[in-house]
Amino acid sequence: MASDILACSEQVICDLAPFVNDLDKPQIVIVPDRYSFLTEKLIFEKLKIQATLNIKVIGINRFASLVMSNLNIDKKSMSKSEQIVRLGKAVVDSANSFKFFPKTLNDVGFVQQIKNTISQLKTSLITPDKLENLAQTNKKIHDIHLIYKNYEEVQKQGLMDSADFIDCFIECGESPLIKNSRFSFVFFDSLTRQGLEVLNMLVSKSQGVEFALCYPDENQNNKFVYDKELYQNIVEIARENNIEIDEKRAGSANFISNVISSNIYLNNPKSVDCDM
């Protein structure tokens with residue numbers, strides 16, 4: 001843990017060093033997709049290697065696809081463009097019953113916003129049924145619930161979206177790839193409820209999980225700006241699996257980074273002298 005996400009991610013990457021040549025224990029580094037290239041770069045720099053056969057950097061969706069392919073589970077996730085098309089159809093099918101949105105509203109920008117909303121609901125494990133009571137008293141929720149419900153019906157006729165794909169992955173059963181591998185999570189500052197279910201599954205079925213977590217020191221003046229929910233959720237997952245957490249503190253070697261992470265959002269930040 002560290003108050004700097006880069007510092008703690010770098011520490012987790014350094015912890016891969018003993019496994020670089022241990023082909024019997026594959027190392028799977030799970031990252032947000034936008035951090036794939038940076039993580040690969042850090043692995044080569046921090047471990048001082050030019051190549052490796054034992055460390056794979058991959059996003060959750062791609063890893064889920066890899067596992068299900070190895071298990072010969074014939075499931076595919078639709079592309080973002082396909083999801084937009086299906087949501088567009090759900091919007092058209094729902095429009096006549098709208099109470100909040102204009103009945104003629106069906107441009108790509110609106111559908112994209114609805115996609116983001118429904119994706120957030122699904123990864124938070126909120127189904128259309130869970131919205132039903134609230135939809136009766138809130139016009140906007142009523143329209144979102146209607147689109148969401150129709151979208152789920154449309155979706156049954158073809159490929160799954162990414163949220164349903166991950167649900168299928170969580171329920172896919174025993175996987176040799178998971179069972180024999182050690183996992184590292186880096187550059188995550190939050191996880192959805194669905195993401196926590198993935199983490200719980202890996203904790204219970206793999207060779208081990210290490211998580212780079214951005215967390216303040218107890219005496220840090222701006223510790224109130226850090227989200228502690230992820231840490232609490234990880235502790236709960238460990239408790240449920242009867243696993244004792246081995247916490248490590250990591251500090252950034254970058255002076256400026258340390259100053260920023262310790263002073264951000266303070267009313268009276270500490271001043272420092274920096275020779276240039």
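How many of the 276 residues of this protein count as buried? The share is 43%. The model is a predicted one. It holds twelve helices and four strands. The protein exposes about 16000 Å², and carbon and sulfur atoms supply 49% of that area. Among contacts with a separation of 6 or more, 77% join residues 24 or more positions apart.

Start with the strands. Strand E1 covers residues 27–30 and runs parallel to E3, with four bridges joining the two. One residue pair to look for is Ile 30 with its bridge partner in E3, Phe 185. E3 also pairs with strand E4, residues 208–211, again in the parallel sense and over four bridges. Here Arg 182 has Gly 208 of E4 as its bridge partner.

How do E3 and E4 connect? Helix H10, residues 193–205, belongs to the link: E3, H10 and E4 make a right-handed β-α-β unit.

Now look at E3 itself, residues 182–185. In a regular strand the side chains alternate between the two faces of the sheet. Arg 182 and Ser 184 point one way, while Phe 183 and Phe 185 point the other way. Are these residues buried or exposed? All four are buried, Arg 182 and Ser 184 included.

Next comes the nonpolar interior. In soluble globular proteins, nonpolar side chains tend to be buried together. The largest nonpolar core here has 33 residues. Ile 30, Phe 63, Phe 169 and Phe 211 have the most contacts inside this core. Several elements give two or more residues to the core: strands E1 and E3, together with helices H3 (60–70), H8 (162–170), H9 (176–179), H10 and H11. H10 gives the most, with six residues. So H10 has two roles in this description, as part of the β-α-β unit and as the largest giver to this core.

Phe 169 shows how the core is put together. Leaving aside neighbours within four places in sequence, Phe 169 is in contact with Phe 63, Ala 64, Val 67 and Met 68. Phe 169 also contacts Ile 178, Val 198 and Met 201. Apart from the largest core lies another, of 18 residues. Ile 84, Val 91, Ala 95 and Ile 114 are among its members.

Turn to helix H5, residues 108–123, and find Thr 123 in it. Which backbone oxygen does the side chain of Thr 123 reach? That of Gln 120, at 3.3 Å. Beyond residues up to four places away in sequence, Thr 123 touches Ala 163, Thr 192, Arg 193 and Gln 194.

Two backbone details remain. Most residues other than glycine have a negative phi. Lys 48 has a positive value, near 55°. Lys 48 is found in the loop between helix H2 (36–46) and strand E2 (55–58). Lys 48 is exposed, with a relative accessible area of 72%. Asn 242 also has a positive phi, of about 55°, although it is not a glycine. Asn 242 lies in the loop between helix H11 (229–240) and helix H12 (255–263). Its relative accessible area is 73%, so Asn 242 counts as exposed.

Technical notes: Residues numbered from 1 in each chain as written. Predicted model: local features only at pLDDT ≥ 70, side-chain atom pairs only at ≥ 80, totals over all residues. Heavy atoms only, no water. Buried < 20%, exposed > 50% of the residue type's maximum accessible area, 1.4 Å probe, protein only. Pairing = 2+ DSSP bridges. Right-handed = clockwise from strand over helix to strand, strands pointing away. Contact = heavy atoms within 4.5 Å. Areas by Shrake-Rupley, 256 points an atom, 1.4 Å probe, with all protein chains shown as cover. Polar contact = N/O pair within 3.5 Å; in protein donor to acceptor, adjacent residues only side chain to side chain. Core = buried A, V, L, I, M, F, W, Y, C linked by side-chain atoms within 4.5 Å.
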